[in-house]
Amino acid sequence: MVIVRNIAAARWWARRFARNAAAREARALERLEGIDGVPRLLRFDGRVLERSFMAGAPMQQAQPRNAAYFRQARRLLASLHRRGVVHNDLAKEPNWLVRDDGTPAMVDFQLAFTRRRRGRLFRLLAREDIRHLLKHKRTYLPELLTRRELHILATPAMHARVWRQTAKRLYKLIARKLFGYWDNEGQGRVRR
Ligand SMILES: Nc1ncnc2c1ncn2[C@@H]1O[C@H](COP(=O)(O)OP(=O)(O)O)[C@@H](O)[C@H]1O
Ligand SMILES: [Mg+2]
């Protein structure tokens, strides 16, 4: 079985992005050739991308609650990073699979970076990949988080922090302007 991504399926205005994303995915999968736990790139002609199918279920459905899954996922992630690929979209549960034999796999490399040299940005994004995996561990197996892992969870990268702050400020602004209230630490709504 083959999983197909077809650029032609995207709307005309999104096609450039779709082509770009498919090319990113193709580049990453090519670099990851031979790693067990990512799809194999079967074909990419600039418009149609074909990847090998991996039998399993997405994380939100399979709900992995065993230490082995997360240990293997961490190892899989390390082998990606060693090849110079960061995934960048691992906060999404549907991008993680639990294969029929219980082992982890990753899909959807549309946002991945493939780099020859692993500089500062690469290392930062690699750590974010790990942090996103640990978020899932916190969901399904929180009692097995180590102190080191808790520390990683507690220290998101600057850009994630900045983004959260910006989003929060924006939300506050909109909430205040639009609804005329802002929550006061759970003591009920205050109307001004
Ligand atoms: N190689 C694959 N093997 C098995 N299932 C896959 C594979 N690729 C994708 N899927 C399934 O299809 C879903 C969507 O694919 P994905 O690559 O994430 O594209 P998108 O997020 O753009 O829809 C995934 O969440 C996964 O459940
Ligand atoms: Mg996806």
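## Exercises on a ligand site and two pockets

About 160 Å³ of space lies in the second largest pocket. Keep in mind that you're looking at a predicted model.

**Exercise 1.** Work out which residues line the second largest pocket, and which elements supply them.

*Solution.* Start with the residues: Ile 3, Pro 39, Arg 51, Ser 52, Phe 53, Met 54, Gly 56, Ala 57, Pro 58, Leu 97 and Val 107 make up the lining. Next, look for elements that give at least two residues, and you'll find strand 3 and strand 4 (56–58). Strand 4 has the largest share, with three residues. Finally, sort the lining by character: eight residues are nonpolar, two are polar and one is charged.

**Exercise 2.** Find the residues that come nearest to ligand 1, then pick out polar contacts among them.

*Solution.* There are 13 residues around ligand 1, and the ones that come nearest are Arg 5, Ser 52, Met 54, Pro 94 and Asp 108. Now hunt for pairs of N or O atoms within 3.5 Å. Take Arg 5: one of its polar side-chain atoms sits 2.9 Å from an oxygen atom of the ligand. At Met 54 it's the backbone that takes part, with a polar atom 2.8 Å from a nitrogen atom of ligand 1. Asp 108 uses its side chain, placing a polar atom 2.8 Å from a ligand oxygen.

**Exercise 3.** How much of ligand 1 does the protein cover, and which elements give two or more residues to the shell around it?

*Solution.* On its own, ligand 1 has 550 Å² of accessible area, and the protein covers 69% of that. Two or more shell residues come from strand 1 (2–6), and likewise from strand 3 (48–52). As for character, the shell holds seven nonpolar, three polar and three charged residues.

**Exercise 4.** Describe the largest pocket: its volume, its lining and the element that gives the most to it.

*Solution.* Volume comes first: about 210 Å³ of space lies in this pocket. Then read off the lining, which consists of Asn 88, Leu 125, Glu 128, Asp 129, Arg 131, His 132, Lys 135, His 159, Ala 160, Trp 163 and Arg 164. Two helices, helix 4 (120–140) and helix 6 (158–179), each give two or more of these residues. Helix 4 gives the most, with six. Last step, the character of the lining: three residues are nonpolar, three are polar and five are charged.

Terms used
Residues are numbered from 1 along each chain as its sequence is written. Chains are lettered from A and ligands numbered from 1 in the order in which they are written. This is a predicted model: local features need pLDDT of at least 70, side-chain atom pairs count only at pLDDT 80 or more; totals for chains, interfaces and linings use all residues. Side-chain values use heavy atoms; hydrogens and water are left out. A residue is near a molecule or strand if one of its heavy atoms lies within 4 Å of it. A polar contact is a pair of N or O atoms within 3.5 Å; within protein, one must be able to donate a hydrogen and the other to accept it, and residues adjacent in sequence count only if both atoms are side-chain atoms. Accessible areas come from the Shrake-Rupley method with a 1.4 Å probe; for residues, only the protein chains shown count as cover. Helices (H or I, at least four residues) and strands (E, at least two) are DSSP runs, numbered from the N terminus. Ala, Val, Leu, Ile, Met, Phe, Trp, Tyr, Cys and Pro count as nonpolar, Asp, Glu, Lys and Arg as charged, and the others, Gly among them, as polar. On a 1 Å grid over the protein atoms alone, a cavity is a set of points where a 1.4 Å probe fits but cannot get out, and a pocket is an open set with protein on both sides within 12 Å along at least five of seven lines; lining residues have an atom within 4 Å of a point. Grid points are joined across faces, edges and corners, and a volume is the space filled by probe spheres set on the points.
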